[in-house]
Amino acid sequence: MLSPHVRFEGFTATDWVRVLSLFRPRRTTGELRDPNRPRGGVIAIHDRGRLRKLLHTNVGRLGIEDIEWPMTAEELAKRNDASFCIVLESGTLERIMERFASRSRKGDDLAAQTVTLFSLAQAELAAGRLSAWPLRLRGVPIPTSGMVRTSLDAVCPIGKAMVLGIFEGGELWTSVALRRGQDGISLILGPDEIRGDMGLLSGDWRRDYRHLSHAIEDRVGPIAFGCYAETATFRALEVDPSPGAWARAAFVRDIILSPLPAPMAIPLGIDASRAAFLAVRKVMERVDSNGVVAGSIERLWDRAAKSAQHGELEEMLGFHPLELLRKLLVRDD
């Protein structure tokens with residue numbers, strides 16, 4: 001996905017920390033996470049029915065003398081006050097790396113290498129030689145590198161850029177622009193060199209996003225996909241499980257998607273349709289005690305959704321990108 005000669009420009013330390021903070025796991029309620037929650041992870045190595053090594057990412061090596069083996073990854077995590085746990089059969093990592101080396105080809109980009117690694121890890125998981133807790137992406141299919149490239153072509157063709165602009169208090173809080181070259185993302189541009197080009201701002205981000213868009217286009221070229229919002233709104237949408245959340249926000253301009261490629265617009269439209277169907281079904285459940293009409297509405301939605309999905313981004317990848325983002329970020333006690 002990244003070009004071998006990618007340029008990383010226009011970020012202060014604060015700008016970059018802010019970008020990363022946008023994708024920090026959080027609760028769906030918007031409340032702060034418990035500061036005393038389990039932190040770090042546990043990695044266990046076992047061989048021939050015996051636990052050989054136990055490592056905590058925060059405190060280092062742990063004793064194994066008083067542990068009754070076997071034990072599940074979830075039990076190990078809770079026993080050692082960890083937020084995640086990985087259990088490996090001896091030799092699993094070596095086997096993954098040997099297979100990765102044999103499958104890798106000169107010229108494979110980051111996307112192809114990442115997909116290969118995930119596929120090999122999934123094979124070990126299916127064989128029972130690797131287990132993990134929690135499995136937040138359970139059921140999400142791993143796309144091929146060709147699927148990833150096709151999806152990227154649909155959202156951001158070569159020579160164009162994707163932009164995320166986040167505002168707070170009438171000012172540009174942070175932004176990131178990714179320009180796609182012939183061999184991957186060739187430029188990652190931050191806001192430090194953009195703020196001076198935006199001119200005089202009105203303090204209304206719904207107007208000022210255009211200044212950001214024009215300033216970025218002057219630096220990186222035409223924009224294929226742009227997403228603009230205030231900090232709190234963007235963070236809430238990332239973990240909002242309600243159907244139609246992104247579509248509703250776009251409709252009332254709590255978030256601005258401009259330009260919006262068709263492969264991204266269609267899933268959002270289906271998301272809004274799903275919300276409408278659910279609302280109608282709730283009404284019908286009150287007056288239709290036998291569920292005949294409600295069942296018909298649900299079957300109608302299923303047929304409409306299947307027919308509308310043809311050719312969209314979700315069909316290319318095999319999963320809904322917004323749902324994947326939510327699964328990665330949601331943390332509930």
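Q: Which residues make the nonpolar surface patch of about 300 Å²?
A: Good place to start, and keep in mind that this is a predicted model. The patch is made by Phe8, Trp16 and Leu20. Leu20 lies in helix α1, which covers residues 13-21.

Q: Is Leu20 buried or exposed?
A: Relative accessible area settles that, with buried meaning under 20% and exposed over 50%. Leu20 has 48%, so Leu20 is partly exposed. Phe8, another member of the patch, is partly exposed as well, at 47%.

Q: How is a pair of aromatic rings described?
A: By two quantities: the distance of the centres and the angle of the planes. This structure holds seven aromatic pairs. One of them joins Phe8 and Phe11, whose ring centres are 4.8 Å apart and whose planes meet at 20°. Planes under 30 degrees apart count as stacked, so this pair is stacked.

Q: Which residues form one aromatic cluster with Phe8?
A: Phe11 and Trp16 join Phe8 in that cluster. Phe11 is buried, at 16% relative accessible area, whereas Phe8 counts as partly exposed. Phe8 and Trp16 also belong to the nonpolar patch.

Q: What is the strand order in the open sheet of five strands?
A: Reading across the sheet, the order is β4-β3-β2-β5-β6, and the pairing is mixed. β4 (60-61) and β6 (130-133) each have a single partner strand, so one side of each is left without a neighbour in the sheet.

Q: Which strands run parallel, and which antiparallel?
A: Take the strand pairs in turn. β2 (residues 41-47) and β5 run parallel, joined by six bridges; here His46 has Glu89 of β5 as its bridge partner. β2 and β3 (residues 50-56) run antiparallel, also with six bridges, and Ile45 stands opposite Lys53 in β3. β5 (residues 84-89) and β6 are antiparallel too, with four bridges; Ile86 is matched with Ala132 in β6.

Q: Where does Arg48 take a positive phi?
A: Look at the hairpin of β2 and β3, which has two residues between the strands. The phi of Arg48 is near 55°.

Q: How many salt bridges does a search of the whole structure find?
A: The search finds 13. In one of them, the side chains of Arg195 and Asp15 meet at 3.1 Å, N to O. This pair links distant parts of the chain: Arg195 is in the loop between β9 (184-189) and α6 (205-220), while Asp15 is in helix α1, 180 residues apart. Asp15 is buried, with 2% relative accessible area, but Arg195 is partly exposed at 30%.

Q: Which residues are linked with Glu124 in a network of salt bridges?
A: Arg95, Arg99 and Arg129 are linked with Glu124 in that network. Glu124 meets Arg99 at 3.2 Å, N to O. That contact links helix α4 (residues 110-127), which holds Glu124, to helix α3 (residues 92-103), which holds Arg99, across 25 residues. Glu124 also forms a salt bridge with Arg129, with the closest N and O atoms 2.7 Å apart. Glu124 is buried, at 1% relative accessible area. Arg99 counts as partly exposed at 35%, and Arg129 as partly exposed at 25%.

Q: What does the secondary structure of the chain come to?
A: It comes to twelve helices and eleven strands. Of the 333 residues, 38% count as buried. The accessible surface of the chain is about 18600 Å², and 55% of that belongs to carbon and sulfur atoms.

Definitions and conventions. Residues are numbered from 1 along each chain as its sequence is written. This is a predicted model: local features need pLDDT of at least 70, side-chain atom pairs count only at pLDDT 80 or more; totals for chains, interfaces and linings use all residues. Side-chain values use heavy atoms; hydrogens and water are left out. Rings of Phe, Tyr and Trp (its six-membered ring) pair if their centres lie within 6.5 Å; planes under 30 degrees apart count as stacked, over 60 as edge-to-face and the rest as tilted. Buried means under 20% relative accessible area, exposed over 50%, partly exposed in between (1.4 Å probe, protein chains only). Patches are made of residues with over 30% relative accessible area and no salt bridge: like charges are joined within 9 Å, nonpolar side chains (Val, Leu, Ile, Met, Phe, Trp, Tyr) within 5 Å. Accessible areas come from the Shrake-Rupley method with a 1.4 Å probe; for residues, only the protein chains shown count as cover. A salt bridge is a side-chain nitrogen of Lys or Arg within 4 Å of a carboxyl oxygen of Asp or Glu. Two strands pair if DSSP finds at least two bridges between them.
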